[in-house]
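Me: I'm new to reading structures, and I'd like a close look at how one pair of helices packs. Please start with what the handedness of a crossing is, and then take me on to the surroundings.

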Amino acid sequence: MMETGIVLRVGLVASGLKASQELDRLLTENGVSFSHKIELTDLTLEHCDKTDLDVWLFDLEEDDWSDILDELLDDSAVPVFINEQAALKRQPHPAFWVQKLIVRLGELVLAESNATISLRAMPDKPQAKVEVDVSYSKQILPIVPASIPKTILKPTGSSTAKEEIEPVVFKSKFPLWVLAASLGGPAALKLFLQTLPDQVDASFILAQHIDKNFVPVLCKIIEDYSSLRVHLPGNRRPVERGEIILAPVESRLYMMSDGTVLTTSGSWTSPYSPCIDDVMKEVAKVWDSTGAIIFSGMAGDAIEGSRAMRKMGHKVWTQSSETCASSDMPEDVVAEGLSEMSGTPEQLARHFIAYIHRIGQAAKAV
């Protein structure tokens with residue numbers, strides 16, 4: 001049990017402690033207690049075993065990283081949260097932003113542990129502080145390493161065998177993942193997006209079962225909770241790094257062999273608009289670094305698309321049932337043995353960040 005008035009015990013690791021002074025001050029004013037304050041260059045493997053704190057907070061400059069940080073992500077006795085150091089300077093209301101950060105840190109402790117946590121407003125400052133009582137033991141989902149080289153199945157020659165056309169794989173410079181959602185998807189998507197850092201070395205195609213009149217609302221959710229650019233596909237164009245492409249409702253999306261996106265007046269596979277299976281198949285057969293996350297939704301879609309992803313050696317992750325408004329869609333994918341990992345939207349975002357970092361590090365080593 002924590003001391004009265006302490007929100008969280010945090011270990012702060014910064015690219016430069018001087019540059020993190022304002023974040024330090026605002027966290028302290030909101031009840032955070034710092035067990036450690038160190039610069040990234042002073043981080044050692046011994047810090048992996050520290051248990052006198054609830055969470056590590058890394059406040060890093062853009063593209064700043066350390067091999068020790070990889071070790072900490074794998075072996076830390078407590079959860080790790082990575083923040084971009086410049087993010088605070090961009091906030092019009094920094095105090096409110098820090099309060100949200102504290103809640104997210106508390107949620108991380110809960111999500112990645114067997115913790116018993118109570119989040120409640122303090123009586124003296126009901127809007128300013130959140131008190132967190134923690135009884136902690138670690139239980140972190142595994143981070144799956146990069147895929148082995150893909151094997152593409154070819155026709156067997158048997159007339160009864162289902163022929164599989166060898167796709168033309170586009171050699172991409174960054175990952176392009178499919179975010180699949182239906183009922184309850186926008187709420188899950190919001191949590192996923194706000195957990196991502198401001199700069200993401202990847203892009204997404206969002207396939208959300210939706211009425212065309214709700215598209216502007218979905219665009220607003222993305223704009224409010226992430227720094228990713230929203231793109232509504234039209235004419236053929238290349239996918240750009242750091243964007244979310246919304247699969248259209250009234251036209252069909254195709255991935256071309258040169259990595260461009262094309263929409264036509266063709267129909268999605270009935271009865272869904274857009275059809276998640278169609279989107280996943282299109283991306284799986286073209287993009288060399290891809291995967292899919294299946295969020296909350298009704299049954300009937302995403303299974304065939306997940307099969308296509310897995311057949312090409314790509315990742316498929318699912319939102320955990322207990323966090324879904326409707327768990328049928330992710331549960332069906334899990335039941336078919338197609339999901340490699342399940343977690344909360346926030347967990348999925350953090351694992352995605354770690355995963356694409358590993359891909360980037362592996363590419364540099366080649």
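Reply: Let's begin with the term you asked about. A crossing is called left-handed if the near helix is turned anticlockwise from the far one by less than a right angle, and right-handed if it is turned clockwise. Please keep in mind that this is a predicted model.

Now to the pair itself. Two packed helices are described by the angle between their axes and the distance between the axes. Here, helix α6 covers residues 276–284 and helix α7 covers residues 303–311; their axes cross at roughly 10° and come within 7 Å. Angles under 35 degrees count as roughly parallel, so α6 is roughly parallel to α7. As for handedness, α6 passes α7 in a left-handed crossing. On the α6 side, the contact is made by D277, M280, K281, V283 and A284. The α7 side brings I303, E304, G305, S306, A308 and M309. Sorted by class, the residues in this contact of α6 with α7 are six nonpolar, two polar and three charged.

What leads up to these two helices? The loop between β13 and α6 holds P271, and P274 lies in that loop too. S270 and P271 are joined by a cis peptide bond with omega at about 5°. A cis peptide bond also joins S273 and P274, where omega is about -5°. On the way to α7, A302 is found in the loop between β14 (290–294) and α7. The phi of A302 is near 90°, a positive value in a residue other than glycine. These details are worth a glance because most residues other than glycine have a negative phi, and most peptide bonds are trans.

The strand β13 that we just met belongs to an open sheet. This sheet has three strands in the order β10-β13-β12, with antiparallel pairing. The edges are taken by β10 (237–238) and β12 (252–255), each with a single partner strand, so one side of each has no neighbour in the sheet. Four bridges tie β12 to β13 (residues 260–264), and these two strands run antiparallel. To find a spot on your screen, look for L253, which stands opposite T263 in β13.

Another helix pair lets you practise the vocabulary. Helix α4 (residues 185–195) and helix α5 (residues 215–225) have axes 9 Å apart and pack at an angle of about 25°. That angle makes α4 and α5 roughly parallel to each other, therefore the label used above applies here as well. Their crossing, however, is right-handed. P186, L189, K190, L193 and Q194 in α4 meet L218, I221, I222 and Y225 in α5. By class, this contact has seven nonpolar, one polar and one charged residues.

Towards the start of the chain there is an open sheet with parallel pairing, and its four strands are ordered β2-β1-β3-β4. Its edge strands are β2 (33–39) and β4 (80–84); each has a single partner strand, so one side of each is left without a neighbour in the sheet. On average, neighbouring strands of this sheet are turned by 20° against each other, direction ignored. Strand β1 (residues 9–14) runs parallel to strand β3 (residues 55–60), with five bridges joining them. One landmark there is V10, whose bridge partner in β3 is V55. Helix α1 (residues 21–29) packs on this sheet and touches β2, β3 and β4, and its direction makes about 170° with that of β2. Helix α2 (residues 67–75) lies across β3 and β4, running at about 140° to β4.

One last thing to carry with you is the predictor's confidence. The protein averages a pLDDT of 78, and 80% of the residues score at least 70. Over residues 1–5 the pLDDT is below 50, and this stretch has 10 contacts in the model beyond near neighbours in sequence. The pLDDT is also below 50 over residues 114–166, a stretch that has 102 contacts in the model beyond near neighbours in sequence.

Definitions and conventions
Residues numbered from 1 in each chain as written. Predicted model: local features only at pLDDT ≥ 70, side-chain atom pairs only at ≥ 80, totals over all residues. Heavy atoms only, no water. Pairing = 2+ DSSP bridges. pLDDT = per-residue confidence, 0-100. Contact = heavy atoms within 4.5 Å. Axes fitted to C-alpha atoms, helices over the stretch in contact; angles between N-to-C directions. Parallel < 35°, antiparallel > 145°, perpendicular 65-115°, else oblique. Nonpolar A, V, L, I, M, F, W, Y, C, P; charged D, E, K, R; others polar.
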